[in-house]
Amino acid sequence: MGSQVQTDTMIRLDNVAKVFAGASQPAVANLSLDVDRGELVVLLGPSGCGKTTTLKMINRLIEPTSGRIEVDGRDVMSVAPHELRRSIGYVIQEVGLFPHRTIAQNMATVPKLLGWDAGRINERVAELTVLVGLDRSMLERYPTELSGGQQQRVGVARALAADPPVLLMDEPFGAVDPIVRGHLQWEFLELQSRLGKTVVFVTHDIDEAILLGSRIAILNVGGVLEQHDTPERILASPANEFVESFIGGERGLRRLALRPIGEAVVSRGPVIDITGTPDEAVRLMEEHGVSWVGLLSGDQLLGWVDASEIDGRPLAALTPREFLVSLRSDSSLRSALDAVVTSHARMAVVVDDGIYRGMVDLEAIAEEITE
Amino acid sequence: MILAQAASSLFDWDWVGRNIDSIWRRTVEHLALTGVALVAGIVIASALAAVAIRKPRTYPTITAATGLLYTIPALAVFALVAPLVGIGTVTQRFITAEIALISYTLLILIRNIVTGVNGVPAGVREAAAGMGYSEGERIRQIELPLALPAVMAGIRIATVTVIGLVTVTSLLGLGGLGFFILDGLRRSIIFPTEIIVGVVLSVALAAALDIGLLGIGRVLTPWAREGDR
């Protein structure tokens, strides 16, 4: 992927440097970086690595000291800053919604600057509301009346309002609590898979980078590019000691986070249709060496019953208990591993939209890792 | 001239009835002196605040200078300005009075404008720039509206201050409600009704304008109220 000749570059940084007035060290030193159309590149690094400076040079909030930056083939220095910025979405950690404007007015910011008529703006605001999963009732409220997560959804909607091909995001999910952050990350991934924007995303969170990035650019202090590759390859073969120490331990686990469960890991497991006989259920438990069995009705998983509860009774007459944790086929191997090690039965069920797919156990995951 | 009789009681309602036209005229004069001072004060303070915001190094000098003006007693300002402007004509006296009044509004107004604009969260400013607002658009559409609650608070304080000071400008023969206070004191026998009318009306005027401005501020900044947690 990364090593192919890139014919469709959306953003190109060519030998870009930034030295702030009065600083002895450059914030960014001779950085060259290409971002393909439709790709989500994460700028990852410790504080002081110039990742935010690099991002802000793309929309000219900061102007480079030397070098050249192109967006869609245009030298950014050849475009008036406010025009350039209206064609580039921008999302920041502080969100920065305008407190004196309603949510609808906030979303309409760039269309209004671009002079769209009221009808077109209203239509677009309605679309955006659905797109980022906000309730229509929020449109007439003011930003302070929304939760942090809702505010950031509005922030993303505002950035997408004029449908810019490029989106710059500076730790956009950094200020919300971990649970909301997880939701926002998944929502954004889903959104991005539909919209296919070219995204440059700044974070210092390695897990966020792995989850979101199609490629990750790891920067060292002073804006030195240490490695620019897919998350998979950065984890598998860090380019140098800096990258290795920055991505930290648990590299094996982090790689698991990149892989979905998939077919190979899933086996049918000790399950039996409720039309089966008690004897068959007992035999199944013996085969699997367990003292419980999962009950199916067609392809629906009803739950599980303990061996002692069967006692010769017809399976359909039993009251099965629910599996506490269930995974989806597209859940990551890392979450599967977590589910397995925390479950009493050392197994986790995989269910897609109510349809039983099978079970995952430790052995299957281990096999997948060593593969 | 005011037709007055020796007061038999502390407050002579008949006097009020007989002089209602004069009371109305003095009130209007009072409002006019106040209004001119405020409008001019806001214009000058905005200009100085703009300088202070663009060149933060100038801010201490600007607050020191206007702070000094604020500490000089009103009478002393008249005494200082009068020889420069002259007090021969009504216009000269009017200018003298206004210079004094305006000088008292500046510190309060400048401080509140600068605080208001500088209080705009950095994230909001950055987002506005990132969305593609030009600097002028950003100041007019984002920063000034957001500074409005602080600015309105400054205007309210300045208004109340000026209303009080206008009573003193009567010394220059410019009318206003201070006229009654002065006139009441100047008689051979002090006439309380006239003094009370002057004092009560100027206090009532200050209170009414304060509440009115508070209301205007609320209407202009609906977001600031609903944002209160």
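In the predicted model, strands β9(A) and β10(A) form a hairpin with three residues between them. Within the turn, Gly222(A) adopts a positive phi of about 90°. The two strands, β9 (residues 215-220) and β10 (residues 224-229) of chain A, are paired in the antiparallel sense over five bridges. In this pairing Ile218(A) lies opposite Gln227(A) of β10(A).

Chain A also contains an open sheet of four strands, arranged in the order β2-β1-β4-β5 with antiparallel pairing. Its edges are formed by β2 (28-36) and β5 (74-75) of chain A, each of which pairs on one side only. Between strand β1 (residues 9-18) of chain A and β2(A), the antiparallel pairing extends over six bridges, and Thr9(A) is found opposite Asp36(A) of β2(A). Helix α1 (residues 51-58) of chain A packs on this sheet, where it touches β1, β2 and β4 (66-71) of chain A. The direction of α1(A) makes an angle of about 120° with that of β1(A).

Helix α5 of chain A comprises 14 residues (118-131). At 1.5 Å a residue the helix should span 20 Å, and its end C-alpha atoms are indeed 20 Å apart, so the expected span and the model agree. Four residues of α5(A), namely Arg124(A), Val125(A), Leu128(A) and Thr129(A), are buried. These residues lie on the same side of α5(A), because they cover an arc of only 140° around the axis. Such an arrangement can be read against the regular geometry of a helix: an α-helix has 3.6 residues a turn, so residues three or four places apart point the same way. The buried residues of α5(A) pack against three other helices of chain A, α3 (103-107), α4 and α6 (148-160). On the face turned away from the buried side, α5(A) carries the exposed residues Gly119(A), Arg120(A), Glu123(A) and Val130(A). Just after α5(A), a positive phi of about 70° is taken by Gly133(A).

The model further includes a contact between two chains, in which 20 residues of chain A meet 18 residues of chain B. On the side of chain A that touches chain B, at least two residues are supplied by each of α2 (81-86), β6 (88-92) and α4 (109-113) of chain A. The largest share, four residues, comes from α2(A). By class, this side of chain A consists of nine nonpolar, six polar and five charged residues. Helix α4(A) thus appears in two settings: α4(A) supplies residues to the side that touches chain B, and the buried residues of α5(A) pack against α4(A).

Terms used. Residues numbered from 1 in each chain as written. Chains lettered and ligands numbered in written order. Predicted model: local features only at pLDDT ≥ 70, side-chain atom pairs only at ≥ 80, totals over all residues. Pairing = 2+ DSSP bridges. Contact = placed C-beta atoms within 7 Å. Nonpolar A, V, L, I, M, F, W, Y, C, P; charged D, E, K, R; others polar. Axes fitted to C-alpha atoms, helices over the stretch in contact; angles between N-to-C directions. Expected span 1.5 Å × (residues − 1). Buried ≥ 20, exposed ≤ 12 C-beta atoms within 10 Å, placed from the backbone. Arc of directions from axis to C-beta.
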